[in-house]
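The questions below ask how each term applied to this structure is justified. Each answer sets a computed value against the relevant definition and then concludes.

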Amino acid sequence: MRTYRHSLKSLRDIALAYSLEKNPDLASLSRELGAIVHRDAKALGDGLYDLRARNRGFERWLLGRRGRPGVSVLVMAWPPGYSSPSHDHAGLWGIELSLYGALEVESWSRATTNDPWQLRGRDWLGPGDATWFDTDPPYMHRCRNLSRQETALTLHVYGGDLDDYATYEQVEAEPYWLSLPQRARIAGPIRV
Ligand SMILES: [Fe+2]
């Protein structure tokens, strides 16, 4: 029988394999990851129950990483109704995919770091759905757990370690935003 650990291992291994290339095909990586989540959604939701029930606020868990070429694979827990600040990903490419529950993702991009952010759109991700971004153009998004009752879980693949990044606050003179440096905290490893 396939367990949630097998599923997590498959998700991690596919992400590590794809990211051996400098510019991985993020659309097909998202499709492959999404197919596994669709297939194993029930096992993943049940197997990761502890992460959903911890009640410790927003948390990042490390599922895997490699130094060169850089890649990190994380699972994040989103409390009911939790909304992240608008944030960038330190210029890394990335994929964010729902494992359990549904997220709203509002995205902005800009031609260069000197230009104002432009709203790119709003997406809704159910289990197996992904959003992704390349290293260029500069990109940021804000994500919100659409459920008021349940913690949502997401899978994240980044082209390196996302230790330092920035959040953005809208200042009065729209469309300019104030950027604030942040450090990403990891709650612990997920062993599979
Ligand atoms: Fe993000």
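**Values set against definitions**

Q: Which backbone oxygen does the side chain of His87 reach, and at what distance?
A: The side chain of His87 reaches the backbone oxygen of Pro85 at 2.9 Å. The term polar contact denotes a pair of N or O atoms within 3.5 Å; within protein, one must be able to donate a hydrogen and the other to accept it, and residues adjacent in sequence count only if both atoms are side-chain atoms. A further polar contact, of 3.3 Å, joins the side chains of His87 and His89.

Q: On what basis are these values computed?
A: This is a predicted model, in which local features need pLDDT of at least 70 and side-chain atom pairs count only at pLDDT 80 or more, while totals for chains, interfaces and linings use all residues. Residues are numbered from 1 along each chain as its sequence is written, and side-chain values use heavy atoms, with hydrogens and water left out.

Q: What makes His87 buried or exposed?
A: Buried means under 20% relative accessible area, exposed over 50%, and partly exposed in between (1.4 Å probe, protein chains only). The relative accessible area of His87 is 10%, so His87 is buried. His87 is found in strand β3; strands (E, at least two residues) and helices (H or I, at least four) are DSSP runs, numbered from the N terminus.

Q: Which residues coordinate the iron ion, and how is a donor recognised?
A: Donors are N, O and S atoms within 2.8 Å of the metal (3.2 Å for Na, K and Ca); water is not among the atoms, so sites may look incomplete. The iron ion is coordinated by His87 (NE2), His89 (NE2), Glu96 (OE) and His141 (NE2), at 2.2 to 2.3 Å. These distances lie within 2.8 Å, so the atoms count as donors.

Q: Why is the site of the iron ion called irregular?
A: Four donors count as tetrahedral if all angles lie between 85 and 135 degrees; four count as square planar and six as octahedral if opposite donors are over 155 degrees apart and all others between 65 and 115; anything else is irregular. The angles among the 4 donor atoms run from 84 to 174°, so the tetrahedral condition fails. The site is classed as irregular.

Q: How are the donor residues of the iron ion spaced in sequence?
A: Their spacing is H-x1-H-x6-E-x44-H. His89 lies in the loop between β3 (86–87) and β4 (94–100), and His141 in strand β8 (residues 139–145), so the pair ties together parts that are 52 residues apart in sequence. Both His89 and His141 are buried.

Q: What makes the contact of Arg52 and Glu150 a salt bridge?
A: A salt bridge is a side-chain nitrogen of Lys or Arg within 4 Å of a carboxyl oxygen of Asp or Glu. The side chains of Arg52 and Glu150 meet at 3.3 Å, N to O, and therefore qualify. Arg52 lies in helix α3 and Glu150 in the loop between β8 and β9 (152–158), so the pair ties together parts that are 98 residues apart in sequence. Arg52, at 14% relative accessible area, is buried, whereas Glu150, at 38%, counts as partly exposed.

Q: Which salt bridge links Glu106 to Arg122, and which links Glu106 to Arg142?
A: The side chains of Glu106 and Arg122 meet at 3.0 Å, N to O. That pair links distant parts of the chain, strand β5 (residues 103–109) and strand β6 (residues 118–125), 16 residues apart. The side chains of Arg142 and Glu106 meet at 3.1 Å, N to O. Here strand β8 is linked to strand β5, 36 residues apart. Glu106 counts as buried at 11% relative accessibility, Arg122 as partly exposed at 44% and Arg142 as partly exposed at 28%.

Q: How many salt bridges does a search of the whole structure find?
A: The search finds 11 salt bridges. Lys9, Arg12 and Asp13 are linked in a network of salt bridges.

Q: What is notable about the peptide bonds from Arg68 to Pro69 and from Asp136 to Pro137?
A: Most residues other than glycine have a negative phi, and most peptide bonds are trans. The bond from Arg68 to Pro69 is cis, with omega near -5°, and the bond from Asp136 to Pro137 is cis, with omega near 0°. Pro69 is found in the loop between β1 (59–66) and β2 (71–78), and Pro137 in the loop between β7 (130–133) and β8.

Q: What sign does phi of Asn55 have, and is Asn55 buried or exposed?
A: Phi of Asn55 is near 60°, a positive value in a residue other than glycine. At 76% relative accessibility, Asn55 counts as exposed.
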